[in-house]
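Here is a short briefing to read with the model open beside you. It goes topic by topic, so feel free to jump to whichever part you need.

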Amino acid sequence: MLLTTGVAADLDALSYFGGPTLFLRFHRTVLHSLAGSLSIAFVTAAIFLAIDKIRSKRQPVSQMPVRPGFGVGLVALVCVIGVGSHILLDLVSGVGIQLLWPFQPGWKGCELLTNIDLWILTLLAAAVLLPELLKLVSDEIGEQRKSSRGRGAAITALVFLVLYIGSRAAFHSQAVTLLASREYHARPPLTAAAFPIAATPFSWRGVVTTDATVEELPVSLLGRSEFDPDRTLTRYKAEPSAALDAGLRTSEAKTFLAYAKIPFASIIRMENGYRFELRDMRFPLGDSSPENILARADFDSSLQLLRGELRYASSNGR
């Protein structure tokens with residue numbers, strides 16, 4: 001039940017194959033919301049209870065093993081724990097989730113972890129494998145163990161998981177504070193954000209917006225003397241124009257802006273018109289994850305919309 005409810009919400013990732021518009025509508029939305037998660041929990045509980053009831057009816061009473069009873073409340077609690085753990089991890093990793101959908105649309109979460117964190121995977125793998133190794137050793141020397149195998153490792157892993165995420169939160173706060181405390185090419189920051197790097201909690205990818213630019217630079221909390229706010233990757237914001245205003249009025253741009261954390265607009269002069277493009281700067285250049293989506297609109301020379309679309313950044317240019 002824990003395994004089923006712990007992974008079921010990610011079924012919404014199949015919306016990727018329906019294109020970016022469908023992906024934005026369903027990914028980390030319906031099944032990741034409180035309403036969707038509770039639905040998963042109670043449907044799973046009902047299915048497992050029904051299976052258990054059917055099996056009990058088919059098996060003769062004389063052959064039924066002695067086991068503790070599993071009431072409806074306990075089964076429901078186990079399933080709620082499964083979906084709850086999934087929601088909590090997704091709230092601190094990736095792009096967040098639409099927790100209150102459909103009552104209050106909007107993305108909730110913070111960037112403390114990457115989607116795949118090697119430290120967490122190592123911790124969980126150790127919690128599973130070490131008890132098995134200790135069992136082999138115990139069997140070899142003939143030791144009789146009375147306690148439940150793996151319980152101590154599981155509890156220890158959960159404690160270290162909480163401590164690890166808490167330390168990530170503290171380091172994230174330090175990185176944001178450091179980014180917001182400096183000027184960038186003599187420009188004060190308007191917003192500052194730090195995004196995680198999977199290899200270490202001490203290194204972050206910083207993104208700062210000023211009145212005219214978006215600045216990107218690495219942040220290392222191990223040696224602040226190396227932090228140089230004038231050594232950044234600078235991107236200049238698009239100048240105010242009729243083409244920019246037309247692009248921002250498109251339905252694709254409005255959908256994108258409800259999703260993006262650090263939107264960055266650009267206007268490209270084409271042979272017979274203009275191309276408007278919106279990116280989310282929380283994703284580095286070259287990022288091929290499906291969550292990295294951009295909005296694009298093509299206009300003729302009189303700013304009549306020719307085509308508007310959302311597209312995966314990984315397919316840009318193809």
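A residue counts as buried when its relative accessible area is under 20%, as exposed when it is over 50%, and as partly exposed in between. With a relative accessible area of 29%, F202 is therefore partly exposed. Please keep in mind that this is a predicted model. The points below cover strands, salt bridges, nonpolar cores and aromatic rings.

**Strands β1, β2 and β3**

- Strand β1 (residues 191–197) pairs with β2 in the antiparallel sense, over 7 bridges.
- The connection from β1 to β2 is a hairpin through 2 residues.
- To find this pairing in the viewer, look for A192, whose bridge partner in β2 is V208.
- On to the next pairing: β2 and β3 are also antiparallel, and 7 bridges hold between them.
- These two strands, β2 and β3, make a hairpin with 3 residues between them.
- A handy marker here is G206, which has L217 as its bridge partner in β3.
- Strand β2 is mostly covered, with 7 of its 10 residues buried.

**Salt bridges**

- Side chains of opposite charge can pair when their charged atoms come close.
- Across the whole structure, the search finds 13 salt bridges.
- One of them joins the side chains of R205 and E216, at 2.9 Å from N to O. Because R205 lies in strand β2 (residues 200–209) and E216 in strand β3 (residues 213–220), this pair ties together parts that are 11 residues apart in sequence. Both R205 and E216 are buried.
- Another links R279 with E277, where the closest N and O atoms are 3.7 Å apart. How do the two partners compare in exposure: is each buried or partly exposed? R279 counts as partly exposed, at 25% relative accessibility, whereas E277 is buried, at 7% relative accessible area.
- D280 and R282 also meet through their side chains in a salt bridge, at 2.5 Å from N to O. D280 is buried at 2% relative accessibility, and R282 counts as buried at 9%.
- There is a network too: R275, D298, R307, E309 and R311 are joined into one by salt bridges that share partners.

**Nonpolar cores**

- In soluble globular proteins, nonpolar side chains tend to be buried together.
- The largest nonpolar core has 19 residues, and F256, F276, L278, I293 and L310 touch the most other members.
- Which elements give two or more residues to this core? They are α2 (20–26), α7 (242–248), α8 (251–257), β6 (273–280), β7 (293–300) and β8 (305–312).
- The element that gives the most to this core is β7, with 4 residues.
- L278 is a good residue to centre your view on. Leaving aside its neighbours within four places in sequence, L278 is in contact with L248, A253, F256, L257, P263, F264, A265, L294 and A295.
- Another core, of 12 residues, lies apart from the largest one. Its members include Y184, W204, V208 and L217.

**Aromatic rings**

- A pair of aromatic rings is described by the distance of the centres and the angle of the planes.
- The count comes to 6 aromatic pairs.
- Y16 and F23 are one of these pairs: their ring centres are 6.0 Å apart and their planes stand at 85 degrees, so the pair is edge-to-face. Y16 is partly exposed, with a relative accessible area of 31%, while F23 is buried at 2%.
- F171 and F202 have ring centres 4.9 Å apart and planes at 55 degrees, so this pair is tilted. The pair links distant parts of the chain, with F171 in helix α6 (residues 151–180) and F202 in strand β2, 31 residues apart. F171 is buried, with a relative accessible area of 18%, and F202 is partly exposed at 29%.
- Y16, F17, F23 and Y312 make up one aromatic cluster.

**Charges over rings**

- R168 lies over the face of W204, at 5.4 Å from the ring centre.
- R269 lies over the face of Y274, at 4.4 Å from the ring centre.

Key:
Residues numbered from 1 in each chain as written. Predicted model: local features only at pLDDT ≥ 70, side-chain atom pairs only at ≥ 80, totals over all residues. Heavy atoms only, no water. Salt bridge = Lys/Arg side-chain N within 4 Å of Asp/Glu carboxyl O. Buried < 20%, exposed > 50% of the residue type's maximum accessible area, 1.4 Å probe, protein only. Core = buried A, V, L, I, M, F, W, Y, C linked by side-chain atoms within 4.5 Å. Contact = heavy atoms within 4.5 Å. Phe/Tyr/Trp six-rings, centres within 6.5 Å; stacked < 30°, edge-to-face > 60°. Lys NZ or Arg CZ within 6 Å of the ring centre and 35° of its normal. Pairing = 2+ DSSP bridges.
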